[in-house]
Amino acid sequence: MLARPTDAERRRLHGLFAELCAIDSPFGHEQACADRVEAELRRIGLDVERDDFGNLLARVPPPAGSERWLLMCAHLDTVPRLDPSTPIEPVEVDEGWENAHADILGADNKAAVAAMLLTAERAANDGSPVGLELLFTLQEENALVGAKAFDVGRLRSRFGYVYDHATPIGEIVLASPTYYRFEATFHGQAAHAGIRPEDGRSAIVAAARAIASLRLGRIDDETTANVGTIHGGVGGTNVVPEHCRFVGEVRSIDDAKAEALVTETIERIHAAANEPTCDVDVDVSVARLFSGYRHRPTSPAVGAAEEALRACGYEPGHIHSGGGSDANAFEAAGLHCVCLANGTQRNHEPTERVSFDALEGMLAVSFALLATAVAVDAPA
C-alpha cells in the first residue's frame with residue numbers, strides 16, 4: 001500500500017479535521033461528534049456498531065483467506081473548554097491549525113480521528129493487506145471511561161495502536177503510569193468571622209495546611225502528583241468556613257511508588273486536619289482509575305510501528321510517559337496496544353496546535369502500519 005497521501009487525501013484530511021474540531025465534544029457530551037464520525041464511516045461503506053456505552057466500532061475486512069487484523073483507536077471527546085460560549089473556530093496559522101479563540105482546538109484527539117477515517121476510506125476503496133478495526137471511544141479524558149467500558153472480546157485484532165501523545169511523531173510510548181485520584185473533604189465549624197471567630201474551625205485553613213504538606217509536582221523521573229481543584233466557603237468573608245474540598249492525583253510508572261505516595265498523601269491530609277489549630281474532621285476517598293503498563297522494546301507491535309515510522313521518514317524513539325491513554329485500559333483488559341505520538345502540541349491548553357506536516361504525517365504512518373502489521377504474528 002502506498003504510504004504517502006495523495007493531494008486529494010491531504011485536502012480531504014484537513015477539511016475533515018477542521019470540521020470535527022468545530023464540533024464541541026467535551027467528555028460526556030460527544031454525541032454530535034460520534035454521529036458525524038458514524039455518518040462518515042457509513043459514507044465510506046462500512047457497517048458501524050455502537051456498544052452499550054456508545055463507543056463506535058467499524059471494520060474493513062482483510063484480503064480473502066487472511067485472518068490478520070489490526071486495531072486503530074482514537075477518542076472522540078476533549079477536555080472541557082475555558083469558554084463554552086464561544087465557538088471552536090479552527091484557523092490556519094503558520095502552516096498549522098489553531099483555534100481563533102483562546103481555547104482548546106480539539107486536535108487531541110481529532111487529529112487521530114481524521115487520520116483514521118482517511119485510512120479507512122483508502123483501505124475500503126483500494127483494499128488492505130490486513131483487516132482493519134476502527135474504534136472510536138468516549139470519555140477518554142475522564143480517566144478512560146469509554147475504553148474501560150468496551151469489551152475487547154468483541155475485537156478480532158490481537159493488537160492495536162492509539163495515536164494520543166502530544167510529542168513529535170516518531171516517539172513510541174513504552175511505559176505509562178498507574179493513576180490514582182483522591183478527594184479530601186474537610187468539615188469544620190461555622191462562626192461569625194468578626195464577632196466569634198474563636199468559636200469557628202476553618203475548613204479552608206485545614207485544607208491549606210494539608211495541601212502545603214503534600215509532595216506535589218515532579219517527585220522523581222517516574223512519579224508526579226498534583227492538586228487540581230479546591231472549593232470552600234460560602235462566597236463571602238464574614239463566615240469562618242465550615243466546608244472545603246480539594247481533588248488531586250498521583251501518577252507513577254512504578255506501581256509500588258504510586259501506592260506509597262497515595263498512602264503518604266492520606267496520612268499527611270489527616271495530620272493537617274488534626275492539628276490543634278485546625279481540629280476539623282476530614283474524609284478522604286481514593287480511586288485507582290487506571291493501571292500502568294510497560295512494553296518490551298522488542299515487542300513485535302513496537303517493531304511494526306518502528307518500521308512504519310522509518311518508511312515515512314521518521315526516526316523512532318522510545319519514551320516513558322506521565323500521561324495515560326486508551327492503551328492503558330486495553331492493556332489491563334489483555335489486549336496488546338501501543339500508544340504513538342502524533343505530533344500535536346500543547347494539548348489541554350488554550351494555545352493547542354497541530355502542524356500541517358504532523359497531521360499529514362500521521363496519515364502516512366497509518367497507511368504504512370497497514371503494511372508493516374502483516375508481519376506481526378502475536379502480541380508481546
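Let's start with a contact between two helices. Arg12, Leu16, Glu19 and Leu20 in α1 meet Cys33, Arg36, Val37, Glu40 and Arg43 in α2. Sorted by class, that contact has four nonpolar, no polar and five charged residues. Keep in mind that this is a predicted model.

How do the two helices lie against each other? Helix α1 covers residues 7-21, and helix α2 covers residues 31-44. Their axes come within 11 Å and cross at roughly 155°. Angles over 145 degrees count as roughly antiparallel, so α1 is roughly antiparallel to α2.

Now look at the list from α1 again. It includes Arg12, Leu16, Glu19 and Leu20. Here is a general point. An α-helix has 3.6 residues a turn, so residues three or four places apart point the same way.

Between α1 and α2 there is a loop, and Gly28 lies in that loop. Is Gly28 buried or exposed? Neither one fully: Gly28 is partly exposed, with a relative accessible area of 41%. Its C-alpha atom and that of Glu140 are separated by 9.7 Å. Along the chain, those two residues are 112 residues apart.

Gly28 also has a partner in another loop. That partner is Gln139, which is in contact with Gly28. Where does Gln139 sit? It is found in the loop between β6 (131-137) and α4 (145-149). Gln139 counts as buried, because its relative accessibility is 18% and the cut-off is under 20%. Leaving aside neighbours within four places in sequence, the contacts of Gln139 also include Phe27, Glu30, Phe53 and Asp77. Leu144, Val145 and Gly146 are on that list too.

Next, a second helix pair. Helix α5 has residues 203-213, and helix α6 has residues 255-273. The axes of α5 and α6 come within 8 Å and cross at roughly 145°. Their crossing is right-handed. Which residues meet there? From α5 come Ala206, Arg209, Ala210 and Ser213. From α6 come Arg268, Ile269, Ala272 and Ala273. The residues of this contact divide into five nonpolar, one polar and two charged.

On to helix α7, residues 300-311. It has twelve residues and reaches 16 Å from its first C-alpha to its last. That is close to the 16 Å expected at 1.5 Å a residue. Which residues of α7 are buried? They are Ala301, Val302, Ala304, Ala305, Glu306, Ala308 and Leu309. What covers these buried residues includes the strands β7, β8, β17 and β18, and also α9. After α7 comes Gly313, whose phi is positive, near 90°.

We just met α9, so let's check its length. Helix α9 runs over residues 356-372, which makes 17 residues. At 1.5 Å a residue, it should span 24 Å, and its end C-alpha atoms are 24 Å apart, which agrees. Is α9 enclosed? Of its 17 residues, 14 are buried, so α9 is largely enclosed by the rest of the structure.

Last stop: Asn342. It sits in the loop between β18 (336-340) and β19 (353-355). Asn342 is buried, with a relative accessible area of 3%. Setting aside residues up to four places away in sequence, Asn342 touches Asn109, Ala111, Ala112, Tyr163, His165, Thr167, Ile169, Ala358 and Met362. How far apart are the C-alpha atoms of Asn342 and Asp108? They are separated by 9.3 Å, while the residues are 234 residues apart along the chain.

Methods
Residues are numbered from 1 along each chain as its sequence is written. This is a predicted model: local features need pLDDT of at least 70, side-chain atom pairs count only at pLDDT 80 or more; totals for chains, interfaces and linings use all residues. Side-chain values use heavy atoms; hydrogens and water are left out. Helices (H or I, at least four residues) and strands (E, at least two) are DSSP runs, numbered from the N terminus. The expected span of a helix is 1.5 Å times one less than its number of residues. Buried means under 20% relative accessible area, exposed over 50%, partly exposed in between (1.4 Å probe, protein chains only). Axes are lines fitted to C-alpha atoms, for helices over the stretch in contact, and angles run from 0 to 180 degrees between N-to-C directions. A crossing is left-handed if the near helix is turned anticlockwise from the far one by less than a right angle, and right-handed if clockwise. Contact means heavy atoms within 4.5 Å. Ala, Val, Leu, Ile, Met, Phe, Trp, Tyr, Cys and Pro count as nonpolar, Asp, Glu, Lys and Arg as charged, and the others, Gly among them, as polar. Angles under 35 degrees count as roughly parallel, over 145 as roughly antiparallel, 65 to 115 as roughly perpendicular and the rest as oblique.
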